[in-house]
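Here is a short report on one chain and its ligand. It covers the ligand shell, the domains, the sheets, one helix pair and two backbone details.

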Amino acid sequence: MPPTPPEPAAVLARPHTAELTGWGRTAPTASDVRRPTSATELQRALPNGSPRGLLARGLGRGYGDCAQNSGGTVVETTDVDAFTIHDADPASDTVLVTAEAGASIDRLLHALVPQGLFVPVTPGTRYVTVGGAIAADIHGKNHHRKGSWCQHVTSLHLQLADGEVVEIGPDRDPELFWATAGGMGLTGVVLDATFACPRIGSSRLLVDTDRAADLDEVLELMASGDHAYDYSVAWIDLMAGGRATGRSVLTRGRFATAEEAAPAAGPDPYAYSAGVLASAPPFVPDGLLNKLTVRAFNELWFRKAPVRRRDELQTIPTFFHPLDMVGGWNRIYGPQGFLQWQFVIPFGAEATLRRIIEELSASGCTSFLAVLKAFGEADPAPLSFPAPGWTLALDIPAGVRGLGPLLDRLDELVVAEGGRVYLAKDSRVRPELVPQMYPRLDEWRAVRNRVDPQRRIRSDLSRRLGL
Ligand SMILES: Cc1cc2nc3c(=O)[nH]c(=O)nc-3n(C[C@H](O)[C@H](O)[C@H](O)COP(=O)(O)OP(=O)(O)OC[C@H]3O[C@@H](n4cnc5c(N)ncnc54)[C@H](O)[C@@H]3O)c2cc1C
């Protein structure tokens with residue numbers, strides 16, 4: 001999709017002021033929001049004269065303030081979402097897809113799956129855009145096998161702060177390409193990208209489930225067995241203490257062949273439907289998620305999981321995107337919102353992982369959504385989050401007493417092990433820890449200085465962390 005030259009401003013000249021938050025619904029800030037409806041309009045966004053700069057935004061699934069730009073301009077890309085599935089040799093394992101920045105994984109899957117294709121990486125929600133996937137260099141349950149999103153991107157068009165459009169990729173200005181991968185939108189506006197999508201044998205997965213009685217057991221299961229699965233993730237009961245600390249439900253799987261899927265899928269092995277089954281009410285009072293309700297939920301969730309089950313056929317939404325079945329589920333945390341804390345620490349730091357889980361569990365910080373994964377190799381991107389090791393992600397209501405000091409203390413443990421937190425989820429890390437967490441930050445800054453010396457592209461996250 002070659003970039004088209006800018007035309008005189010129309011829609012972009014009619015911004016409206018709106019309050020934006022991330023998915024956690026904390027720290028709202030107001031911006032001039034523009035929503036271009038074509039690639040041409042998207043390109044008119046830059047250069048931008050606002051003294052508070054400009055930022056691209058996708059579907060707002062970053063948890064914290066990464067897609068906000070207080071007092072400046074925010075360009076929502078979601079109406080710029082065309083894509084093309086390229087012809088490919090039927091013998092090749094992958095097919096190239098070129099998608100505009102605002103195309104969501106949701107939209108892509110509705111077109112790809114019936115053609116026997118999948119996205120290379122999917123996060124825990126399908127409501128993320130291609131631009132957001134690149135800016136956060138997202139990872140999925142297959143990181144140990146396939147790495148993160150940008151490892152599958154062959155090229156992309158990036159509009160720089162001065163308005164110039166460049167085509168970059170792993171072989172074409174790799175410095176700028178890898179600074180854009182995980183660069184949280186700060187190197188330019190991604191206009192479109194081409195990436196390789198794998199073929200699948202059906203729209204069903206063959207899933208194995210194991211219930212682990214404690215942390216040691218789940219770590220052992222993952223360390224000894226993840227290599228045999230394409231996808232792996234463990235749900236952890238962070239409310240359980242004592243001997244049950246770290247008890248988990250581990251689910252791992254791979255796409256089924258058409259023959260394997262037949263009993264569940266029927267005549268069309270690629271049939272795909274993904275919908276919203278229910279919606280959270282528009283207003284939920286604070287305190288619905290308290291220690292008692294969350295403990296009861298976790299107990300039920302753990303007990304209902306089979307101790308050991310093999311070869312269960314599951315659909316794509318059930319296996320990859322169960323939360324998407326409830327529309328607006330982020331509202332259940334009430335008006336104060338919630339945050340997600342996700343860190344990675346290297347393999348070998350299991351004692352620290354245990355200590356962090358013990359501290360979280362002792363603090364009673366009411367998390368019913370906590371997942372553990374083992375990451376594989378990192379890509380060359382200086383600000384990309386994944387690195388070989390254990391990653392734990394947990395949602396916590398923002399109003400929990402003592403949460404700030406607790407997470408500050410746990411951040412120190414993570415840093416001491418050479419680990420880091422995920423910027424796409426962050427809303428609170430202390431800025432002075434960021435250079436320790438991301439030791440190649442200066443390398444990234446040098447590239448950013450090259451393409452945006454005047455800092456025309458900015459976000460609340462970039463200001464808060466002094467990026
Ligand atoms: C329920 C849930 C589960 C999740 N699970 C995972 C997971 O398993 N793995 C994972 O890695 N992440 C996960 N995430 C986080 C999510 O994948 C990332 O935050 C992703 O970046 C969100 O994409 P978005 O389109 O909503 O972007 P936004 O949230 O709108 O923006 C995110 C960042 O991308 C930048 N950006 C957006 N579009 C462009 C563009 N066109 N050009 C340049 N920059 C752009 C923004 O400036 C911002 O910095 C999850 C989020 C939720 C809510």
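Ala, Val, Leu, Ile, Met, Phe, Trp, Tyr, Cys and Pro count as nonpolar here; Asp, Glu, Lys and Arg count as charged; the others, Gly among them, count as polar. The model is a predicted one.

**Ligand shell**

By those classes, the shell around the ligand holds 17 nonpolar, 13 polar and two charged residues. In total, 32 residues surround the ligand. The closest are Gly-58, Pro-123, Gly-131, Gly-132 and Gly-185. Three elements each give two or more residues to this shell: strand E3 (54–57), helix H3 (130–135) and strand E9 (189–198).

**Domains**

The domain assignment splits off domain 1 (83–200) and domain 2 (204–436). Their centres, taken over C-alpha atoms, are 24 Å apart. Across the boundary, 29 residues of domain 1 are in contact with 29 residues of domain 2. On the domain 1 side, helix H2 (105–112), helix H4 (143–146) and helix H5 (174–180) each supply two or more residues. H4 gives the largest share of that side, three residues. By class, the domain 1 side has 11 nonpolar, 14 polar and four charged residues.

**Sheets**

One open sheet has five strands, in the order E5-E6-E9-E7-E8, with antiparallel pairing. Its edge strands are E5 (83–85) and E8 (165–168), and each pairs on one side only. Neighbouring strands of this sheet are turned by 15° against each other on average, direction ignored.

Another open sheet has eight strands. The order is E14-E10-E12-E11-E17-E18-E16-E19, and the pairing is again antiparallel. Which strands stand at the edges? They are E14 (308–315) and E19 (420–421). Each has a single partner strand, so one side of each is left without a neighbour in the sheet.

Two strand pairs can be set out by their bridges.

| Strand pair | Bridges | Sense |
|---|---|---|
| E10 (204–212) and E12 (248–255) | eight | antiparallel |
| E7 (153–159) and E8 | four | antiparallel |

Individual residues can be placed within these pairs. Asp-208 stands opposite Arg-252 in E12. Leu-158 has Val-166 in E8 as its bridge partner.

**A helix pair**

Helix H10 (residues 350–363) packs against helix H11 (residues 403–416). The angle is about 175°, and the axes are 10 Å apart. Angles over 145 degrees count as roughly antiparallel, so H10 is roughly antiparallel to H11. H10 contributes Thr-352, Arg-355, Ile-356, Glu-359 and Ser-363 to the contact. H11 contributes Leu-406, Leu-410 and Leu-413. By class, the contact of H10 with H11 has four nonpolar, two polar and two charged residues.

**Backbone details**

Where does Pro-47 lie? Its place is in the loop between helix H1 (39–43) and E3. A cis peptide bond joins Leu-46 and Pro-47, with omega about -5°. E3 is also one of the elements that give two or more residues to the ligand shell.

Asp-173 lies in the loop between E8 and H5. Its phi is near 50°, a positive value in a residue other than glycine. The elements on either side of this loop have appeared above. E8 is an edge strand of the five-strand sheet. H5 gives two or more residues to the side of domain 1 that touches domain 2.

Notes: Residues are numbered from 1 along each chain as its sequence is written. This is a predicted model: local features need pLDDT of at least 70, side-chain atom pairs count only at pLDDT 80 or more; totals for chains, interfaces and linings use all residues. A residue is near a molecule or strand if its C-beta atom, placed from the backbone, lies within 6 Å of it. Axes are lines fitted to C-alpha atoms, for helices over the stretch in contact, and angles run from 0 to 180 degrees between N-to-C directions. Angles under 35 degrees count as roughly parallel, over 145 as roughly antiparallel, 65 to 115 as roughly perpendicular and the rest as oblique. Two residues are in contact if their C-beta atoms, placed from the backbone, lie within 7 Å. Domain bounds come from an automatic or database domain assignment. Two strands pair if DSSP finds at least two bridges between them.
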